Amino acid sequence: MTDQPKSANTMWGGRFAAGPDAIMEAINASIGFDRRLYAQDIRGSRAHAAMLAAQGIISTNDAEAIREGLLTVLSEIEGGNFTFRTDLEDIHMNVEARLKEIIGEPAGRLHTARSRNDQVATDFRLWVRDQCDAADGGLRALIGALLMQADAGADWVMPGFTHLQTAQPVTWGHHMMAYVEMFGRDLGRFADARRRMNESPLGAAALAGTGFAIDREATAHALDFDRPMANSLDAVSDRDFALEFLSAAAICAVHLSRLAEELVIWSSAQFRFVAMSDRFSTGSSIMPQKKNPDAAELIRAKIGRILGATVALFTVMKGLPLAYSKDMQEDKEQVFDAADSLMLALAAMEGMMRDLSARPEVLEAAASSGFSTATDLADWLVREAGLPFREAHHVTGALVAKAEKAGVDLPDLTLAEMQSVNPAITQEIYGVLGVHNSVASRISYGGTAPVRVREQIARWKKALAG
């Protein structure tokens, strides 16, 4: 086996006479994925060059040449006319190398008073911040679709479940609003993470800051950060912002998965609670009667990718000493994939909820079965007959057993049959056994009564509008 020829490493100059072999180049390069940071990288470089000129560290002519050159590079990348080179390792060196081809010597002054360590920390932080904004938009659109469903079905009665067993009647609107609250908390998590990550690492240089008289406040302001990060070691080594984004994304994906699971169940032939639109369903290659909720199932699976990304980055970061280590190159692919998966899932769920058709008559029939008003009966015995709740619970259980044995529901038992269990029961009991009466009576704050549901819908519409 002959030695492969080695070329001089143009990036590192005289320190290494020969370039890395193919395996080292492959493991060391990140341009295959960090090219996604091109817009943030160019934005950060423009802010840095403008600050260097304002501080008198580079000339205004060089700064202008750098600015124009970077805009040309940006245009080439966005137009698909840029060649990314693996031998240049990453997005930073690819942009800088092309800038040098365009403007010559002034390109070499761009990297004054910074390092790739603070550069990548800035790029990545800007990108993740953008993803928080995108998640906010996706969540607001989904919440809007859920509010539309809740508004339409504030009075529709359906079974509420515990353990997937019929528990008590609720309204369709109430069920939809439960997810509004869940996704509302997700909005808060992304907003909170965004606030905390909105500090600029730029100017921290490799790890210790720089001896040049730079203005970190100026670059922070130019990049819409609230302030520069206060410690240069922390600035280049921190990836909390990515971990927080992934954590928020994972919780949001859990909520999406729970809703997707309900759609899968509700659209089945055994439930028939909802009809999924053809736009978000597929057929079977062999069974012509099938209409599969594939979009919901794929959303349900996205939690695996997003949670896996979260665990992966926590594992990468858990044992790293300060400041920067090459391990941190492995921080991006997981975040990129999780962000893509989250945004796709949010968009698909919004589309499904906007197209979804509930079947009120099926929902009501299901709510009226399974002894769903048993708790209402027990509550009536407490209020009207003066029984302690535990005794009322026992009486109601006996009545449920009697109805189950007879193959009927509670409202179908005769008054005589009820009084045989407890003589205090009167004709008025039938007024609370209907599912509509049941949901209308749940008027406590946060309850399923239509009047309460409409209050919550109005509150959320106002919140989104503000």
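**Close-up 1. L233 and its nonpolar neighbours at the surface.** L233 is partly exposed, because its relative accessibility comes to 31%. This leucine sits in helix α9, which covers residues 232-237. Together with L207 and L322, L233 makes a nonpolar surface patch of about 270 Å². Keep in mind for this view and the ones below that the model is predicted.

**Close-up 2. A cis peptide bond at L322.** One member of that surface patch, L322, has something else to show. The peptide bond running from L322 to A323 is cis, and its omega is near 10 degrees. As for A323, look for it in the loop between α11 and α12, the latter being residues 332-355.

**Close-up 3. A312 in helix α11.** Helix α11 spans residues 294-317, and A312 is part of it. With a relative accessibility of 25%, A312 counts as partly exposed. How far apart are the C-alpha atoms of A312 and E330? They are separated by 9.0 Å, while along the chain the two residues are 18 residues apart.

**Close-up 4. N198, tucked into a loop.** Here we zoom in on the loop between α7 (172-197) and β3 (199-200), where N198 is found. Is N198 buried or exposed? Its relative accessible area is just 4%, so N198 is buried. The side chain of N198 reaches the backbone oxygen of D224 at a distance of 3.3 Å. D224 also turns up in the contact list: setting aside neighbours within four places in sequence, N198 touches R129, D224, F225, D226 and R227.

**Close-up 5. The β1-β2 hairpin.** Two strands run antiparallel here: β1 (residues 157-162) pairs with β2 (residues 165-171) over five bridges. To get your bearings, find M158, whose bridge partner in β2 is V170. The side chains in a regular strand alternate between the two faces of the sheet. Two residues separate β1 and β2 in this hairpin. One thing to spot in the turn is H163, which has a positive phi of about 60 degrees.

**Close-up 6. E89, buried in a loop.** E89 is placed in the loop between α4 and α5. Its phi is near 75 degrees, a positive value in a residue that isn't glycine. With a relative accessibility of 9%, E89 counts as buried.

**Close-up 7. R116 and D90, a buried salt bridge.** R116 and D90 form a salt bridge, with their closest N and O atoms 2.4 Å apart. R116 belongs to helix α6 (residues 116-152) and D90 to the loop between α4 (60-78) and α5 (91-103), so the pair ties together parts that are 26 residues apart in sequence. Both partners, R116 and D90, are buried.

**Close-up 8. R85 and D87, a partly exposed pair.** Another salt bridge joins D87 to R85, and here the closest N and O atoms are 2.7 Å apart. D87 is partly exposed, at 36% relative accessibility. R85 counts as partly exposed too, at 33%.

**Close-up 9. R454 and D155, a link across the sequence.** In this view R454 forms a salt bridge with D155, the closest N and O atoms lying 2.3 Å apart. What do these two residues tie together? R454 lies in helix α19 (residues 450-465) and D155 in the loop between α6 and β1, so their salt bridge ties together parts that are 299 residues apart in sequence. R454 is partly exposed, at 40% relative accessibility. D155 is partly exposed as well, at 38%.

**Close-up 10. A salt-bridge network.** D192, R195, R196 and E244 are joined into one network by salt bridges that share partners. If you'd like to look for others, how many salt bridges are there? The count comes to 31 salt bridges.

**Close-up 11. R272 in a loop.** To finish, find R272 in the loop between α10 (240-266) and β5 (274-275). Although R272 is not a glycine, it has a positive phi of about 60 degrees. Its relative accessible area is 41%, so R272 counts as partly exposed.

Key:
Residues numbered from 1 in each chain as written. Predicted model: local features only at pLDDT ≥ 70, side-chain atom pairs only at ≥ 80, totals over all residues. Heavy atoms only, no water. Patch = residues over 30% accessible without salt bridge, like charges linked within 9 Å, V, L, I, M, F, W, Y side chains within 5 Å. Areas by Shrake-Rupley, 256 points an atom, 1.4 Å probe, with all protein chains shown as cover. Salt bridge = Lys/Arg side-chain N within 4 Å of Asp/Glu carboxyl O. Helix = DSSP H or I, 4+ residues; strand = E, 2+ residues; numbered from the N terminus. Buried < 20%, exposed > 50% of the residue type's maximum accessible area, 1.4 Å probe, protein only. Polar contact = N/O pair within 3.5 Å; in protein donor to acceptor, adjacent residues only side chain to side chain. Contact = heavy atoms within 4.5 Å. Pairing = 2+ DSSP bridges.
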